[in-house]
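User: I have a two-chain model open and would like to talk it through with you. Could you take my questions as they come?

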Amino acid sequence: MESNVKYTFKDFASDQEVRWCPGCDDYVVLRAMQKALPDMGIKKEDVVFVSGIGCSSRFPYYMDAYGFHGIHGRAPGIATGVKLANPSLSVWIMTGDGDAMAIGGNHFIHLLRRNIDINIVLFNNEIYGLTKGQFSPTSLIGQKTKSSPYGNTQTPFIAGELAIGAKARFYARVGGNEPKTMTDIFIQAESYKGTSLIEILQNCVIFNDGCFTHFTDKDVKEDMQLYVEHGKPMIFGKEKNKGLVLNGLKLEVVTIGENGVSEADILIHDAVEQDPTLHLMLIRLHYPMVMGVIRKIDDITFEEREYQLTEAIKSKSNFNSVDDLFFAGETYDVK
Amino acid sequence: MISNEDNNNQHFARENHKIDTAVIRFVGDSGDGMQLTGTQFSDTAALFGNDVATFPNYPSEIRAPQGSLYGVSGFQVQFGSVEVSTPGDELDLLVAMNPAALKTNLFALKAGGTIIVDTDAFNKKNLEKAKYVNNPLEDGSLSNYRLINADITALTRESLKDLGLDTKSIARSKNMFTLGMVYFMYNRPLEHSESYLNKKFKSKPIIAEANIKALKTGFYYAETLELMSSTYVVEPAKMEAGTYRVVMGNDATAWGFIAAAEKAGLNLFLGSYPITPATDILHELVKYRHFGIKTFQAEDEIAGIASAIGASFAGSLAITTTSGPGLALKGEAIGLAMIAELPIVIVDVQRGGPSTGLPTKTEQSDLLQAMYGRNGESPVIIIAASTPANCFEYAFEASKLALEHMTPVILLTDGFIANGSAPWKIKSVKDLPAIKTKLVPNGTVKYEAYVRDEDRLARSWALPGTPGLEHRIGGLEKDKVTGCVNQGPENHEYMCKIRAEKIKRVADFIPNIEVDYAQEGDLLVVGWGGTFGNIHAAVKEMADAGYKIGHAQFNYINPLPKNTAELFSRYKKIVVCELNLGQLVKMFRSEFNNIEFSQYNKVQGLPFTKSELTQHFKGLI
């Protein structure tokens, strides 16, 4: 699986014309992935992209790797089959908010629960793009869409919250306009053994343009976003003077240097803590929006458990061939 | 073991009749262990060399309220010194563990047949539950039968009283007491059941001891019981020489896939979700990790097939198992596998429908769903197994066709053959036909995913992990050569036609259909799948009586064997018998519109009986 070949991003670009809308964040993700893959130390032929249905699910066609464009919501099942059949492959699911959390919601939570070593890239644009603008399971209350002209009345999921409820071990969030961070997180996700979920807050320029700009725009992002890194204090702001502290059971934004708060009072991010309480609190915050690898805990993968069990059974088995099985037990001869 | 000398050394005059076949039904509450009792009897008969066929018939409730009419669970077995193709129509012996069991099954007992009852269960409460006004054991209503009253519950309790067991464990042994009685009646050895019980209760020797004691006590009780004035001998059957074992259809299906994977040099992958009556295939395959078999119990039916499609893309022999409602859920994914032209096998163990329907009963009503239950033009291969034992060869054949033609194959079985058991002449993997996969060898430089071979129109199969063959496939219409997305009008029509032609061409690779009995004449009886045994028995009886009647049982349904039209032309009349309201006959009528077909249908959740078939056929000639 380890590659000696030195690839460049061009090696992963397929000959297919990319057909997303001009200005779509999906282009950023595509380029970030093509840039990340050469630094993962894996062979091109071992990479498989699996998708469902939706704008983002066209992704596999644009990668020069193995690809499977599946049916709506079912990429987790297909990817699971690929990975179980050949665990040495690097398997990626490219999915959207509707694909993963509406029609494929059941598969999504079970995939996370099992912890198969698969990487999920979730393009969350809080809208259905490919069907031209209906509300999705992450659309906000009151959001006006083609199927909610007077405002959406369905409570949205918070993807990270749902994922951690489904026992996600690796969860990261990144803005759709942050190619460098994305590349870095993709590489981390690949080296992580277990299911990694990377949520990309991806702007849909046609049907939900600007839904994230209040914290992703260049002018405001440093003040509005907290980029967490394991072992580092949760400090943000243009002046690097804002931080998070725990006040009772709530997170609170404080200013360093005011009211006797010093840098030493600021919470240190612990991504490897098994207890998800603080991770959930970070995910739920609106100010600041927390980005980066929020949770990354150690656990055995599903396929490793399967493998260990198989080896244990094999070592105890008397069967050397299928014929041994067929002719074992209660057979009788007719002469 | 009880030797024959013991049997001859009897306390009173007893006739030992030699008979060709016998039909026994064990019935009781769903918790009475009737399935186990019946299985033990049929396994013992098979080991003795009889031909056997079994029919478990149980309710969908796991433990229905005791003594209720709807909670009755039965197991029927026919065994013989001659060919036995069905579990039998009429019973020679009915074993009824309570009034509800007697009430719901008496109709099947032949006049003069024997009834064994547990008289202890015929108390006021149980009689009321079974809606008997008078006790049938006392009111003379059973005078046309040979009634054997045995205090089975009390006798079992008495025989086990010194073992220090709780009441519940003692009560649970009464089925073995009953089995002992039936073993005596048919001159059967106890050895097989003794060793079975010792193995089953290895970790609880006291339970094994109790069951074996109950079994033996039942046997000796019958021996001394004057009511059992006749015993019966059924000699071994003349069967093809070889090594046999008794198999249930679902297990044979599982084994067919194991053999196919071995033969094709692939790992077997099953993605499945539990559903009656298909789950036993999953239960069987999960046992065999040592053969590289991977099983994945998914979160639902769709994930089951989706994982199989993924495993197929990655190079496994991939299968999914289900029943009617699950086939409906898998429809879209079958279409995906079909357009992606990946090999998978979908097993549909049919049950009574529509909707949840009759989950534990048999039917053949998924044929049209298998044929047409998908969006778009999406033909797949459909084949059907017709006996518990040939589930093995059709599971193997389904795999071979899927791998060699690069297409989904739907294998139809049904609850009747899936749960029924019969002797199977064991096939060694080396004696099975070769399976030539379409795998692209390592080192191939150029790969175009949708270039086809000439004879089968099958594309080749390049697996992730192979350098230089990276490609993308999926559910969007593909270019006829590269497999890249191509939604052009001419390309789409070409692809629809070539996919249809690919399935049609499978007819060049399957055997012609053969007819049993009259090769031409007055009536051709047509069946498909699991109705083989009953139709065979009916046609045999009539052919033996001189009727010009033939029997064709279809195992290949899409495409049909090439000689089908010619075959139909040889008979004055054709009747198509199905456990549905007429599905195959509908396909025949559209395919062969110059031929007249009559039909015989049944949708009662039950198999055909030989007598209803012969009666109907006689009316047609």
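Analyst: What follows is a set of questions and answers about this model, which is a predicted one.

User: Let's start with chain B, then; how many helices and strands does it have?

Analyst: Chain B contains 21 helices and 23 strands. Its C-alpha atoms fill a box of roughly 85 × 60 × 45 Å, taken along the principal axes.

User: And how does its radius of gyration sit against the globule rule?

Analyst: The radius of gyration is 27 Å, close to the 25 Å that the globule rule gives for 621 residues, so chain B is as compact as a globular protein of that length. Buried residues account for 52% of the 621 residues, and, among contacts in chain B between residues at least 6 apart in sequence, 77% join residues at least 24 apart.

User: Now the interface. How many residues of each chain are in contact?

Analyst: On the chain B side there are 57 residues, in contact with 47 residues of chain A. The elements of chain B that give two or more residues to this side are helices H2 (34–48), H10 (249–264), H12 (301–313) and H13 (324–340), together with strands S9 (242–248), S10 (268–272), S11 (294–297) and S17 (472–474).

User: Which of those gives the largest share?

Analyst: That is H12(B), with 9 residues. Sorted by class, the side of chain B that touches chain A has 31 nonpolar, 16 polar and 10 charged residues.

User: What about strands, which ones are joined between the two chains?

Analyst: Strand S2 (residues 66–69) of chain A is joined to S17(B) by 3 bridges, and the two run parallel. Within that pairing, His69(A) stands opposite Gly474(B).

User: Switching to the nonpolar core, which residues touch the most other members?

Analyst: The largest nonpolar core has 254 residues, and those touching the most other members are Val48(A), Val50(A), Val82(A), Ile198(A), Ile309(B) and Leu411(B). Ile309(B) touches Ile78(A) and Gly81(A) as well as Ala318(B), Ala333(B), Leu336(B), Ala337(B), Leu342(B) and Ile344(B), leaving aside residues up to four places away in sequence. Apart from the largest core lies another, of 5 residues, among them Tyr128(A), Phe135(A), Cys204(A) and Phe207(A).

User: Next, the sheet of 5 strands in chain B: in what order do they come?

Analyst: The order is S18-S20-S19-S22-S23, in an open sheet with mixed pairing. Its edge strands are S18 (516–517) and S23 (598–601), each of which pairs on one side only. S18(B) pairs with strand S20 (residues 549–554) of chain B in the antiparallel sense over 2 bridges, and Asp516(B) stands opposite His551(B) there.

User: Which helices go with those strands?

Analyst: Helix H20 (residues 584–591) of chain B lies across strands S19 (521–528), S22 (571–578) and S23 of chain B, running at about 140° to S22(B). Helix H21 (residues 610–620) of chain B packs on the sheet, where it touches S19, S20, S22 and S23 of chain B, and its direction makes about 150° with that of S22(B).

User: Okay, backbone oddities. Where are the cis peptide bonds?

Analyst: One cis bond runs from Thr276(B) to Pro277(B), with omega near 0°, and Pro277(B) lies in the loop between S10 and helix H11 (279–285) of chain B. The bond from Gly353(B) to Pro354(B) is also cis, with omega near 0°, and Pro354(B) is in the loop between strand S13 (344–350) and H14 of chain B.

User: And which residues other than glycine have a positive phi?

Analyst: Asn187(B) has phi near 55° and is found in the loop between helices H7 (174–185) and H8 (191–200) of chain B. Leu457(B) has phi of about 65° and belongs to the loop between strand S16 (421–425) and S17 of chain B.

User: Why does Leu457(B) count as partly exposed?

Analyst: Leu457(B) counts as partly exposed because it has 19 C-beta neighbours inside 10 Å, and a residue is buried only if 20 or more lie within that distance. Asn187(B) is also partly exposed, with 15 such neighbours inside 10 Å.

User: Last one: what does Met371(B) touch?

Analyst: Met371(B), in helix H14 (residues 367–372) of chain B, touches Ile382(B), Asn558(B) and Met587(B), not counting residues up to four places away in sequence. Met371(B) counts as partly exposed because it has 18 C-beta neighbours inside 10 Å.

Notes
Residues numbered from 1 in each chain as written. Chains lettered and ligands numbered in written order. Predicted model: local features only at pLDDT ≥ 70, side-chain atom pairs only at ≥ 80, totals over all residues. Contact = placed C-beta atoms within 7 Å. Helix = DSSP H or I, 4+ residues; strand = E, 2+ residues; numbered from the N terminus. Nonpolar A, V, L, I, M, F, W, Y, C, P; charged D, E, K, R; others polar. Pairing = 2+ DSSP bridges. Buried ≥ 20, exposed ≤ 12 C-beta atoms within 10 Å, placed from the backbone. Core = buried A, V, L, I, M, F, W, Y, C linked by C-beta atoms within 7 Å. Axes fitted to C-alpha atoms, helices over the stretch in contact; angles between N-to-C directions. Rg over C-alpha atoms; globule rule 2.2 N^0.38 Å.
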